[in-house]
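This report asks how the strands, helices and selected residues of one model are arranged, and it goes from the cysteines to the sheets and then to a helix and a loop.

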Amino acid sequence: MSEIKYYADQLTSGKISRREFIGRALALGATTALATSMASSAVKAAGPKTGGRLRQALTGGATIDVLDPGQLLDTMGINISFGQLRNCLTEIRSDGKLIGELAESWEASDDATQWVFNLRQGVEFHNGKTLVAEDVIDSLNQHRGKESKSAAKGLTDPITKIKADGKNRVVIKLSGGSADFPFLMSDYHLSIVPAGTRGAEFEKGVGTGAYMLEAWDPGVRALTKRNPNYWKDGRGHFDEVETLGIADANARTTALRTDQIDCFNNVELKTAHLLKKAPGVKVLQTNGTKHFTIPMFTDVAPFDNNDVRLALKYAIDREVMLNTILRGYGVLGNDHPIGEANRYHAAELEQRTYDPDKAKFHLKKAGIDSLTVALSAA
């Protein structure tokens, strides 16, 4: 057992791989269950490795991309601005729980029309400026007003007034009560920048995030370096992050297989099962909030009749669509947009299934013998 413990220490220190440890443990007489358990404990004890350069290839990059948070369009820009350079007032953890980010805490009036955010003290922007209430006020005000072109304008429209209550408190008044307002403050458009940031200043990427911008070629490449004064523990493990915009799925896969990158997003569904078999490659699936719908004008005949809509819902074989179009990488929707990634997902609802007889029943109930619908799909 002492020899197995020695190899466990080697694994913890990164001197041997997990696979190598398990192989040696089995050779020394350990059961598969014990070897696997010890390997997991050793890896957990080691914690994240720090240093080095992460090379990632992302979709959604364009030469017209800007680092103005209100103008972020797609994955690449969001990852750089929101994921690396900047922070919001609040943050939604991977388990769906809301926690403070630049705001340490917050409280609301009884009717939820006024919210007070208490800012985290001692946080510095990349340019050395200390975060204060005025930075938050100016950042949020840029999304407000009739002239605003921000994609987050709809989120900030209910705000009637923002004011500072000292250097580290921000008071926000709303036109109506909103219990979800702190959740909205985690939106990637609403990251905080130094007061007065406008136009070309955004392209410097100044924020309070784990990484600082070194190079930026819109839609093509970005290079960031670790922020030595980052305030958040347990984040920002790499010395550098290189982000490449690669739209073609085959090019992303080839770059990974030839060790030009370390990871990429949007694995092509039809080849994911093959990529899983490649040595040293892990394919990870996460639940998101993207969903596919068949929208209808419910104030226009025949879709103003609920029985017609029910007929269409029963006429669709969702299982076939999931398995053929998404190759099984997804879950069945149930005629609502709240998926498993959302804390309010109603898992207890009975799934509506393909049932041609029920579809015919509802059409007949609507007074229609047959229905022809033109569907447009990309």
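How many disulfides does a search of the whole structure find? The model is a predicted one, and the search finds zero disulfides in it. A disulfide is a covalent bond between the sulfur atoms of two cysteines. Two of the cysteines can be placed by their accessibility: Cys-88 has a relative accessible area of 0% and is buried, whereas Cys-263 is partly exposed at 29%.

**The mixed sheet**

Cys-263 belongs to strand β11, where Gln-56 stands opposite to it. Strand β11 is part of an open sheet of five strands with mixed pairing, ordered β8-β9-β10-β1-β11. Because β8 (211-217) and β11 (263-264) each have a single partner strand, they stand at the edges, and one side of each is left without a neighbour in the sheet. The partnership of β11 with β1 (residues 53-58) is parallel and consists of two bridges.

Strand β1 also holds Arg-55, whose side chain places a polar atom 3.3 Å from the backbone oxygen of Gln-260. Not counting residues up to four places away in sequence, Arg-55 touches Glu-242, Asp-259, Gln-260, Ile-261, Asp-262 and Cys-263. Helix α4 (residues 75-85) lies across β1, β8, β9 (221-226) and β10 (240-245), and its direction makes about 165° with that of β10.

**The antiparallel sheet**

A further open sheet is built from four strands in the order β4-β5-β7-β6, with antiparallel pairing. Here β4 (103-108) and β6 (159-164) are the edge strands; each has a single partner strand, so one side of each is left without a neighbour in the sheet. With direction ignored, neighbouring strands of this sheet are turned by 20° against each other on average. Five bridges join β6 to β7 (residues 169-174) in the antiparallel sense, and Lys-163 stands opposite Val-171 in β7. Helix α5 (residues 133-141) packs on this sheet, where it touches β5 (114-119), β6 and β7, and it runs at about 160° to β6.

The two pairings described above by their bridges are set out here.

| Strand pair | Sense | Bridges |
|---|---|---|
| β1 and β11 | parallel | two bridges |
| β6 and β7 | antiparallel | five bridges |

**A helix with a buried side**

Which residues of helix α12 (residues 356-365) are buried? They are Ala-359, His-362 and Leu-363, and because they cover an arc of only 105° around the axis, they lie on the same side of α12. These buried residues pack against α10 (306-315), while the face turned away from them carries the exposed residues Asp-357, Lys-360, Phe-361, Lys-364 and Lys-365. Just after α12, Gly-367 adopts a positive phi of about 80°.

**A buried loop residue**

Is Glu-101, in the loop between β3 (98-100) and β4, buried or exposed? Its relative accessibility is 7%, and since buried means under 20%, Glu-101 counts as buried. Leaving aside neighbours within four places in sequence, Glu-101 is in contact with Asn-87, Cys-88, Leu-89, Thr-90, Glu-91, Arg-120, Trp-231 and Lys-232; one of these, Cys-88, is itself buried, at 0%. Between Glu-101 and Asn-141, which are 40 residues apart in sequence, the C-alpha to C-alpha distance is 19 Å.

Definitions and conventions:
Residues numbered from 1 in each chain as written. Predicted model: local features only at pLDDT ≥ 70, side-chain atom pairs only at ≥ 80, totals over all residues. Heavy atoms only, no water. Disulfide = S-S within 2.5 Å. Buried < 20%, exposed > 50% of the residue type's maximum accessible area, 1.4 Å probe, protein only. Pairing = 2+ DSSP bridges. Contact = heavy atoms within 4.5 Å. Axes fitted to C-alpha atoms, helices over the stretch in contact; angles between N-to-C directions. Arc of directions from axis to C-beta. Polar contact = N/O pair within 3.5 Å; in protein donor to acceptor, adjacent residues only side chain to side chain.
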